[in-house]
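Let's walk through this one together, from the overall fold down to single residues. Have the viewer open as you read.

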Amino acid sequence: MGKLDGKIAIVTGATSGMGRATAILFAREGAKVMVCGRNKERAEEVVNQIKGEGLQADYVLVDAAKPEDGKLIVDKTLEVFGEPDILVNNAGMLSMSTLMDVSLEEWEKVFNVNVTSALKLTQLCAPYMKKKGKGVIVNVASVASFAAHHGFAAYISSKHGFAGLSKSMAWELGPEIRVNAIAPGLVHTAMVDSIGGLGVLQGMIDNCPVKRAGQPEDIANVALFLASDDSSFIDGQVIKVDGGFEC
Ligand SMILES: NC(=O)c1ccc[n+]([C@@H]2O[C@H](COP(=O)([O-])OP(=O)(O)OC[C@H]3O[C@@H](n4cnc5c(N)ncnc54)[C@H](OP(=O)(O)O)[C@@H]3O)[C@@H](O)[C@H]2O)c1
């Protein structure tokens, strides 16, 4: 028996990295999973992997830079599986511009992808969860929700905002819906490879007592815990999953 048997789960940013690992794990634990992202080839790869194990998944292509398109995700989920029980707001984009260089266009895009699309999708999913009397939302924030560095101004601001939004969601959507956020530290994904890979981030590994980067499955395991009844008394938390990283 799986921890998510019979549940319908939406996972954004599920075509790669942590979202992909989460979608596969949720399916293995009995959920029907709607895989969301922009890249058709990778979406099909994830869905084919899940279906190849005799499990259930489908995909929808949506650009999170357009938060109103969250409706496409909910419509496809209702059509294929039914009303959602679990929402994982994981899609995110990096921005390395400094405070003085970031354009308002880039700032707005980062907030749309990292914060506003999650707000919109939550507004669309919550009524179904309320009606069922039960639902779970897991947001993927960051250790950048807690601290700042030189550069990354829009990313850091968006992840601080996402942590706050996660707490607001818990207060406004309870008691039927529990909402928690995961704050990953350095996790080896395409996002990290896009800025030069683990080699250029060795300092972050040195600042962890575990002395390694995380793997997508490290985050998926915590997402499963937060999405299942195993965490039924945990609500409104932003939980660091970072190998003990000291900023
Ligand atoms: N890796 C880290 O060290 C780290 C640390 C802290 C927090 N995080 C956060 O973890 C989350 C997952 O990132 P990851 O590391 O797993 O990165 P990843 O492997 O690059 O995956 C990012 C996912 O987000 C989706 N995405 C990005 N922009 C999108 C857009 N405009 N519309 C729709 N989907 C979009 C991508 O889908 P498509 O490519 O198909 O569009 C992909 O599925 C993000 O929120 C990130 O900020 C990562």
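Helices here are DSSP runs of H or I with at least four residues, strands are E runs of at least two, and both are numbered from the N terminus. What you have is a predicted model, so local features are reported only at pLDDT of at least 70 and side-chain atom pairs only at pLDDT 80 or more, while totals for chains, interfaces and linings use all residues. Residue numbers start from 1 along each chain as its sequence is written.

With that in hand, the protein comes out at eight helices and seven strands. Its C-alpha atoms fill a box of roughly 45 × 40 × 35 Å along the principal axes. The radius of gyration is taken over C-alpha atoms, and the globule rule is 2.2 Å times the number of residues to the power 0.38. For 247 residues a compact globule would have a value near 18 Å, and the protein, with 17 Å, agrees.

How much of the chain is buried? Call a residue buried if 20 or more other C-beta atoms lie within 10 Å of its own, exposed if 12 or fewer, and partly exposed in between, with C-beta atoms placed from the backbone. On that count, buried residues are 48% of the 247. For contacts, the rule is that two residues have C-beta atoms, again placed from the backbone, within 7 Å. Looking at contacts with a separation of 6 or more, 73% are between residues 24 or more positions apart.

Now for the ligand. A residue counts as near it if the C-beta atom, placed from the backbone, lies within 6 Å. The ligand is surrounded by 29 residues, and the closest are Gly13, Gly17, Gly37, Arg38 and Gly92. Helix H1 (17-28) and helix H6 (190-193) each give at least two residues to this shell. As for chemistry, Ala, Val, Leu, Ile, Met, Phe, Trp, Tyr, Cys and Pro count as nonpolar, Asp, Glu, Lys and Arg as charged, and the others, Gly among them, as polar. By that scheme the shell has 15 nonpolar, 11 polar and three charged residues.

Next, a helix pair. Two packed helices are described by the angle between their axes and the distance between the axes. The axes are lines fitted to C-alpha atoms, for helices over the stretch in contact, and angles run from 0 to 180 degrees between N-to-C directions. Helix H3 (residues 70-80) and helix H4 (residues 104-132) have axes that come within 9 Å and cross at roughly 35°. On the H3 side, Gly70, Lys71, Ile73 and Val74 meet Ser117, Lys120, Leu121, Leu124 and Cys125 of H4. The residues of this contact divide into five nonpolar, two polar and two charged.

Stay on H4 for a moment, since Val110 lies in that helix. Is Val110 buried or exposed? It counts as buried, because it has 26 C-beta neighbours inside 10 Å. Beyond its neighbours within four places in sequence, Val110 is in contact with Met93, Ser95, Ala154, Tyr155 and Ser158. Leu94, 16 residues away in sequence, has its C-alpha 7.5 Å from that of Val110.

Just before H4, the loop from strand S4 (86-89) holds Thr98. Thr98 counts as exposed because it has 11 C-beta neighbours inside 10 Å. Not counting neighbours within four places in sequence, Thr98 is in contact with Gly151 and Ala153.

Finally, the backbone. Most residues other than glycine have a negative phi, and most peptide bonds are trans. Which residues should you check against that? Phe152, in the loop between strand S5 (135-140) and helix H5 (153-173), has a positive phi of about 60° although it is not a glycine. Phe152 is buried, because 21 other C-beta atoms lie within 10 Å. Lys211, in the loop between helix H7 (202-206) and helix H8 (216-227), has a positive phi too, near 55°. Lys211 is exposed, with 10 other C-beta atoms within 10 Å. The peptide bond from Gly174 to Pro175 is cis, with omega near 0°, and Pro175 sits in the loop between H5 and strand S6 (177-184).
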